[in-house]
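Dear colleague,

I am handing over the structure that I would like you to look through, and below it you will find notes on what was found. Please read them with the structure open beside you.

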Amino acid sequence: MKVRFLSFLVIVMSLFGTTAFSQNSDTGELGLPGDNLDLYAVLDLFQKSKTIEDFEKSLNDEKNKINNLDLNDDKKIDFIKVDTKKDGDNYTFILRDPISKKETQDVAVILVSKDKNKKVSMQIVGDKALYGKDYIVEPSPSGNAGVTSNPGYTGSNPVTVNVPAQTTTIVVEQAPIVQYVYSPAYVPYYPPYYYGYYPPYFAFATVMAVGIYRHNHYHYHGGGYGYHNTNVYVNHNSFNNYNNNSRNTSNRVSHNNINSGNRNNINNGNRNTASTRDGNRNSASTRDANRNSASTRDASNRASASNRSSSSARPSASNRSSSFSGSGGGFRSSGGGGGFRGGGGGGRRR
């Protein structure tokens, strides 16, 4: 009876562990600071917002529980402001965290672009210090005959149109924020806030545990809300222009990543660093072994030369007798045996 109970308990625990693992993998956790700001949820909030100022307010509103970022380690949620860059029909909305009086860390950029065919694309790109390299979230394309213009848009009045499957440019014209920025009513928004000066609605909420935060947003992942992760930039020029000219980084965040061992997660190219170092160590060991072998061969050759010299001397019978009678070790010391052991051992130690 006891054996059956233990078997049943093991099965239940295994099933529970599998479920927990599945839920954790569904949350898209990266093991990086960006785990406290889910970009799937941010993009969903962005496209439903009426204005950029409205988006900034909703992002920092404690009631929405989207922002859980704490980059200055004061156990309080940081305020994120939204700056705007415009180049023709291309918009770059920059999410910035003023973590101190002297430092600001960019969190992510939202790229909204209109091509020559008037198709609008929307992507959010996480800063590599917080999300790793090329972490991009966008609305998922759909191959259905009738879908909303923006497959991720779940507003109250979606417009049904035909959208080609797997299109490069995602159709998002019906999102409220897109309609606003491309309308005559659009007014550029310049946030007046900085470190130490925040809007009245900002509440300095306490940071929640990352596991609880990710669990609260797991439903955004897996395609259920119409978003997916990619590494393809729709408008690479806009991103490069931002990355080369406007991006803000923080020494504090960089140091925290190094101290937390996050460097490999940030730069995918560093994942093989450890194995490369191991390979270098192996190569060094091989070189040492080769040197040892060379030393051994040199010692062996010297010993053989010594043996040949002794053989060519061909001592008389009396000399051989005196040599053997004095000590067997005396012959080995002057001959090849002792010389080989001494030289060989010294070569291996080097």
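The structure holds 6 salt bridges, where a salt bridge is a side-chain nitrogen of Lys or Arg within 4 Å of a carboxyl oxygen of Asp or Glu. Please keep in mind that this is a predicted model, in which local features need pLDDT of at least 70 and side-chain atom pairs count only at pLDDT 80 or more, while totals for chains, interfaces and linings use all residues. Residues are numbered from 1 along each chain as its sequence is written, and side-chain values use heavy atoms, with hydrogens and water left out.

Side chains of opposite charge can pair when their charged atoms come close. One such pair is Asp38 with Arg214, whose closest N and O atoms are 3.6 Å apart. Asp38 lies in the loop between α1 (2-26) and α2, and Arg214 in helix α6 (residues 210-216), so this salt bridge ties together parts that are 176 residues apart in sequence; helices (H or I, at least four residues) and strands (E, at least two) are DSSP runs, numbered from the N terminus. Asp38 counts as buried at 2% relative accessibility, and Arg214 is buried with a relative accessible area of 3%, where buried means under 20% relative accessible area, exposed over 50%, and partly exposed in between (1.4 Å probe, protein chains only).

A second salt bridge joins Asp44 to Lys48, with the closest N and O atoms 3.0 Å apart, and both residues lie in helix α2, 4 residues apart, which is about one turn of the helix. Here Asp44 is buried, with a relative accessible area of 4%, whereas Lys48 is partly exposed, at 34%.

In another salt bridge, the closest N and O atoms of Asp127 and Arg247 are 2.6 Å apart. This pair links distant parts of the chain, since Asp127 is in the loop between β4 and α4 and Arg247 in the loop between α7 (236-245) and α8, 120 residues apart. Salt bridges that share partners also join Asp83, Arg96 and Asp106 into one network.

Turning to the interior, the largest nonpolar core has 47 residues, of which Leu37, Phe46 and Met122 touch the most other members; such a core is a set of buried Ala, Val, Leu, Ile, Met, Phe, Trp, Tyr and Cys residues joined through side-chain atoms within 4.5 Å. The largest share of this core, 7 residues, comes from α2. Apart from this core lies another, of 8 residues, among them Ile94, Leu111, Val125 and Tyr233.

Finally, there is the empty space. The largest pocket is lined by 17 residues, of which Pro33, Asn36, Asp70, Leu71 and Asp73 lie nearest its centre, and helix α8 (residues 251-259) gives the largest share of that lining, 3 residues. The largest cavity is lined by 10 residues, and Leu30, Gly34, Tyr131, Tyr135 and Arg214 lie nearest its centre. On a 1 Å grid over the protein atoms alone, a cavity is a set of points where a 1.4 Å probe fits but cannot get out, and a pocket is an open set with protein on both sides within 12 Å along at least five of seven lines; lining residues have an atom within 4 Å of a point.

With best wishes
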